[in-house]
Amino acid sequence: MLISDFDGVIVDGMEEYWWSARRAAAQLLPAGAQLPEAVPEAFRQLRPQVHHGWEMPLLAAVIAGYGQPLAAFHADYASALAASLQQLAWPQAQLTEALDAVRQQAIASDRQAWLALHRPYPWMLQALQRLESEGLPWAVLTTKSAGFTAELLSSHQLHPQAIYGREDGPKPEVLQRLLAQDARGGPWRFLEDRRLTLEAVRAVPALDAVHCLLVTWGYLRPGDAQDLPAGIQLLEPERLEQPLAQWPEAAIVQAN
Ligand SMILES: [Mg+2]
């Protein structure tokens, strides 16, 4: 079984993240806020730190000069995020709703244009199509809403066995529930571009049988690919040309 994150692993959605984040932020900020049309460099640089979608409209507001200064985000992302939320008095749910509304409207008014803002990674697309043709099961585990994820996957004729979205809870918890239902108890491969998520999975002994693979092509922070802890391996695009059984293995093997 292969379980894959979506953003930064299957699809490069950078253009869409900014496109929808700036529109959501524009609805919440005073009229006339400066939100450039092209993806700002600061947004590209901070995207690898993003965990949940609602953080992106907040980053757009920060780039427009509201909340904490950009330097604070580079110094300590989590603290600057919390301080900005408090300063702007925006509940997380409001940011999520604004982002969802922008996307729903984009799909309703010009679905093709919205889909075209997303670029699947060709090697990943080929690997997933190959798994499907071989009848091997795969699933998606993402912090994105399952609905938007399904929309994007079906536009590329991809049909995962299941899509677990932000509605399903934190990734380590979803993995534990799924693994508990798996009669064979793994081994599974879990593909991510967020090292912190893999480290959180690795911290759960019940998930020892999960091979945690950090994809080199995603939204990595500087240094993320270096000095990986035991139980997390890098996955390079070239490896995807090989059969799944030959991809790196990173499960924790318990000594008997
Ligand atoms: Mg990701």
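Colleague: Let's start with the layout: which residues make up domain 1 and domain 2?

Modeller: Bear in mind that this is a predicted model. The chain is divided into two domains, and domain 1 is written in two pieces, 2-11 and 119-246. The other part, domain 2, is 13-116.

Colleague: How many Å lie between the C-alpha centres of domain 1 and domain 2?

Modeller: Domain 1 puts 17 residues in contact with 18 residues of domain 2. Taken centre to centre over the C-alpha atoms, the two domains are 25 Å apart.

Colleague: And what area is buried between domain 1 and domain 2?

Modeller: Carbon and sulfur atoms give 55% of that area. On the domain 1 side, Phe 148, Glu 151 and Tyr 219 lose the most, together 39% of what that side buries. The total between the two domains is about 1600 Å².

Colleague: Which helix gives the largest share of the side of domain 1 that touches domain 2?

Modeller: Six residue pairs are in polar contact between the domains. On the domain 1 side, the residues divide into five nonpolar, five polar and seven charged. The largest share, five residues, comes from residues 146-155, that is, helix 8.

Colleague: What is the distance between the closest N and O atoms in the salt bridge of Arg 166 with Asp 100?

Modeller: Domain 1 and domain 2 have two salt bridges between them. Arg 166 falls within 119-246 of domain 1 and Asp 100 within 13-116 of domain 2. The closest N and O atoms of this pair are 2.5 Å apart.

Colleague: Which residues does Ser 145 contact, leaving aside its neighbours within four places in sequence?

Modeller: Ser 145 sits in the loop between strand 4 (138-141) and helix 8. With a relative accessible area of 9%, this serine is under the 20% cut-off and so counts as buried. Setting those neighbours aside, the contacts of Ser 145 are Arg 166 and Glu 167.

Colleague: Moving to Lys 171 and Asp 5, how many residues apart in sequence are the parts that this pair ties together?

Modeller: Their side chains meet in a salt bridge at 3.0 Å, N to O, and both residues are buried. Lys 171 lies in helix 9 (residues 171-181), while Asp 5 lies in the loop between strand 1 (2-4) and strand 2 (11-12). So the salt bridge joins parts whose separation in sequence is 166 residues.

Colleague: Which residue is linked with Asp 5 and Lys 171 in a network of salt bridges?

Modeller: The structure holds 11 salt bridges. Some of them are linked up, with Asp 5 and Lys 171 in a network that also takes in Glu 192.

Colleague: How far apart in sequence are Glu 15 and Arg 44?

Modeller: These two side chains form a salt bridge at 3.8 Å, N to O. Glu 15 is partly exposed at 31% relative accessible area, and Arg 44 is partly exposed at 35%. Glu 15 is in helix 1 (residues 14-28) and Arg 44 in helix 2 (residues 41-46), a separation of 29 residues.

Colleague: Why are Arg 195 and Glu 199 separated by about one helical turn?

Modeller: Their side chains meet in a salt bridge, 2.7 Å from N to O. Arg 195 counts as buried at 12% relative accessibility, whereas Glu 199 counts as partly exposed at 29%. Both belong to helix 10 (residues 195-202), and the one-turn separation follows because they are four residues apart.

Colleague: Which residues are in contact with Gln 49, leaving aside its neighbours within four places in sequence?

Modeller: Gln 49 lies in the loop between helix 2 and helix 3 (55-63) and is partly exposed, with a relative accessible area of 24%. Tyr 17 is 32 residues away in sequence and 13 Å away in space, C-alpha to C-alpha. Beyond its sequence neighbours, Gln 49 touches Glu 55, Tyr 77 and Arg 221.

Colleague: What is phi for Gln 157?

Modeller: Gln 157 is in the loop between helix 8 and strand 5 (162-164). At 54% relative accessibility, over the 50% cut-off, Gln 157 counts as exposed. Although this residue is not a glycine, its phi is positive, about 55°.

Colleague: Is Asp 227 buried or exposed?

Modeller: Asp 227 is placed in the loop between strand 7 (210-215) and strand 8 (232-235). Its phi is near 50°, a positive value in a residue other than glycine. With a relative accessibility of 72%, Asp 227 counts as exposed.

Conventions. Residues numbered from 1 in each chain as written. Predicted model: local features only at pLDDT ≥ 70, side-chain atom pairs only at ≥ 80, totals over all residues. Heavy atoms only, no water. Domains from an automatic or database assignment. Contact = heavy atoms within 4.5 Å. Buried area = accessible area lost by both parts, 1.4 Å probe. Salt bridge = Lys/Arg side-chain N within 4 Å of Asp/Glu carboxyl O. Polar contact = N/O pair within 3.5 Å; in protein donor to acceptor, adjacent residues only side chain to side chain. Helix = DSSP H or I, 4+ residues; strand = E, 2+ residues; numbered from the N terminus. Nonpolar A, V, L, I, M, F, W, Y, C, P; charged D, E, K, R; others polar. Buried < 20%, exposed > 50% of the residue type's maximum accessible area, 1.4 Å probe, protein only.
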